[in-house]
Amino acid sequence: QEAITNILRHAEASRASLVLIHREDEVIMVLEDDGRGFDAEAAVHGAANLGLLGMRERATLLRGDLLIESQPGQGTVVRVRIPLGGDHGPTHTDR
């Protein structure tokens, strides 16, 4: 949701695509846009971009991975992989 919001607010994209793959042991999401792009390395490590930081934290909480590829003028690709089953992900028990 955050990645789609970022496209709408910041990317100035004319096209975006979302692919969601559900496998037995993982879910993978790939979101691409043809927008203005940004310096992904600086944004992910900079304190100013709390949205990207929040995306990374949520993926980590689910024992997943987040990869953001972008460069100014070249659009953006966001890949998220979340493992399923086994000991992965948060657990909730009612007692």
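**Exercises on a four-stranded sheet**

**Exercise 1.** Identify the bridge partner of I68 in β4.

*Solution.* The bridge partner of I68 in β4 is V78. This is a predicted model, in which local features need pLDDT of at least 70 and side-chain atom pairs count only at pLDDT 80 or more, while totals for chains, interfaces and linings use all residues. Residues are numbered from 1 along each chain as its sequence is written, and side-chain values use heavy atoms, with hydrogens and water left out. Next, consider the two strands: β3 pairs with β4 (residues 76-83) in the antiparallel sense, over 6 bridges. Strands are DSSP runs of E with at least two residues, and helices are runs of H or I with at least four, numbered from the N terminus; two strands pair if DSSP finds at least two bridges between them.

**Exercise 2.** Describe how β1 and β2 are joined.

*Solution.* The two strands run antiparallel and are joined by 7 bridges. Between them lie 3 residues, and the strands form a hairpin. Within this pairing, V19 stands opposite V30 in β2.

**Exercise 3.** State the order of the 4 strands and explain why β1 and β3 each have one side without a neighbour in the sheet.

*Solution.* The order is β1-β2-β4-β3, in an open sheet with antiparallel pairing. β1 (16-22) and β3 (65-70) stand at the edges with a single partner strand each, so one side of each lacks a neighbour in the sheet. From one strand to the next, the twist averages 10 degrees.

**Exercise 4.** Determine which strands helix α1 lies across.

*Solution.* Helix α1 (residues 2-11) lies across β1, β2 (26-33) and β4, and runs at about 5 degrees to β2. Helix α3 (residues 50-61) packs on the sheet and touches β3 and β4, its direction making about 150 degrees with that of β3. Contact means heavy atoms within 4.5 Å; angles run from 0 to 180 degrees between N-to-C directions, with axes fitted to C-alpha atoms, for helices over the stretch in contact.
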